Amino acid sequence: MLNVFSVDLEGWYQSLSPDPAPVPLAAQRDGIREGIDRLLELCGRRNVKATWFTLGAVAELMPEDVKRIAAAGHEVASHGHAHDDVHVLGPERFREDLRRAQGAIEAACGARPRGYRSPKWSAGRAGPWYFDALRQEGYAYDSSLNPVPMLGTRGMRHDAHRVAGVAELPPMAVRTMVGWLPGGGSIGLRTLTHRVILGRARALNASGELAVFWVHPWEVAQRRLAGRMPLATRLVCNTARVDLAARLDRLFGELPFGTAAAALAEREARAPLPEIAEPAWREDRPRW
Ligand SMILES: [Zn+2]
């Protein structure tokens, strides 16, 4: 069974905002490129094909890099254009952001993105208009509803499902003594034990479900973000980050991985996805 290895292709500050003084994306180009090189090398060594949820702004800034990601056989999907929270954008500006990103990605690599991931898991604060927009703009799947209560809501599902005609591939969460944590990426993937991470993915697979992993280029790059960083940013950025490349290499040898599109096709060939009318939206979402 294929699991999903995904990369959110963006700069440092975008993962870690709100930052009082974000470093411009153009100034982060070398660090982003170093992360891309490292991830392409890690994937290439184990013949893993990944899905790169690419920011339109990165595709505009570094079209050649996006082109070589696609040329290496990976899937290029969309992470929106400017990394704005979708619930703040609202229905109209969300579509504009989606289209701008799509144009930049297509111009860079010639492929139209079929999958989307919302910046900072903000889709949970959107509303029914979110899935309507994705479906109408031609997106087959989304990977944005995070079942970790701190990032999404307690009621969000852990399994692949379908909302208003769009497949949803939730990121992998792991239950720990302190509750659900992000296990397929972020600080969870960099701090939880390997046994816990692998065990959760294998348990999902045993129940017929795929596991979704995600990383960012800055997590595997040696180049540090220049300038002053707030303490919280420094902690998130640096905690156990040195182990991530080795951990990924090990996971690539232990679990089968594929692109989100390939894993979804395989999952749907086994059994239809459960259809739900609406996900468990966050209570604090704005009413558009
Ligand atoms: Zn992001």
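**Figure 1. Helix H4 (residues 63-71) packs against helix H5 (residues 86-109) at an angle of about 70°, with 8 Å between their axes.** H4 is therefore roughly perpendicular to H5, and H4 passes H5 in a right-handed crossing. On the H4 side, the contact is made by Pro63, Val66, Lys67 and Ala70, and on the H5 side by Ile105, Ala107, Ala108 and Cys109. A few terms help here. This is a predicted model, in which local features need pLDDT of at least 70 and side-chain atom pairs count only at pLDDT 80 or more, while totals for chains, interfaces and linings use all residues. Residues are numbered from 1 along each chain as its sequence is written. Helices (H or I, at least four residues) and strands (E, at least two) are DSSP runs, numbered from the N terminus. Axes are lines fitted to C-alpha atoms, for helices over the stretch in contact, and angles run from 0 to 180 degrees between N-to-C directions. Angles under 35 degrees count as roughly parallel, over 145 as roughly antiparallel, 65 to 115 as roughly perpendicular and the rest as oblique. A crossing is right-handed if the near helix is turned clockwise from the far one by less than a right angle, and left-handed if anticlockwise. Two residues are in contact if their C-beta atoms, placed from the backbone, lie within 7 Å.

**Figure 2. H5 also packs against helix H6, at an angle of about 10° and with the axes 10 Å apart.** This angle makes H5 roughly parallel to H6. H5 brings Val86, Pro91, Phe94, Arg95 and Leu98 to the contact, and H6 brings Trp129, Tyr130 and Ala133.

**Figure 3. Strand E2 (residues 51-54) has buried residues pointing both ways.** Thr51 and Phe53 point one way, Trp52 and Thr54 point the other way, and all are buried. A residue is buried if 20 or more other C-beta atoms lie within 10 Å of its own, exposed if 12 or fewer, and partly exposed in between, with C-beta atoms placed from the backbone. E2 has pairing partners too: strand E1 (residues 3-9) pairs with E2 in the parallel sense over four bridges, and strand E3 (residues 75-78) likewise pairs with E2 in the parallel sense over four bridges. Strands count as paired if DSSP finds at least two bridges between them. To find your way between the strands, look for Asp8, whose bridge partner in E2 is Phe53, and for Thr54, whose bridge partner in E3 is Ser78.

**Figure 4. Strands E8 (residues 173-176) and E9 (residues 179-182) pair in the antiparallel sense over four bridges.** A hairpin of two residues joins E8 to E9. Across the pair, Arg175 stands opposite Trp180 of E9. Gly179 belongs to E9 as well, and it counts as exposed, with 12 C-beta neighbours inside 10 Å. The C-alpha atom of Gly179 is separated by 39 Å from that of Ala111, and the two residues are 68 residues apart along the chain.

**Figure 5. Trp121 and Ser186 have positive phi values, of about 55° for Trp121 and near 60° for Ser186.** Trp121 is not a glycine, and neither is Ser186. You will find Trp121 in the loop between strand E4 (115-116) and helix H6 (128-136). Trp121 is buried, with 23 other C-beta atoms within 10 Å. Ser186 lies in helix H7 (residues 186-191). With 22 C-beta neighbours inside 10 Å, Ser186 counts as buried.

**Figure 6. Leu264 of helix H11 (residues 260-270) touches Tyr141, Ala167 and Leu169.** Residues up to four places away in sequence are not counted among these contacts. The C-alpha atoms of Leu264 and Tyr141 are separated by 8.5 Å, although the residues are 123 residues apart along the chain. Leu264 counts as buried, with 24 C-beta neighbours inside 10 Å.

**Figure 7. The close-ups fit into a protein of eleven helices and twelve strands.** Its C-alpha atoms fill a box of roughly 45 × 45 × 40 Å along the principal axes. Of the 288 residues, 49% are buried. Among contacts with a separation of 6 or more, 78% are between residues 24 or more positions apart.
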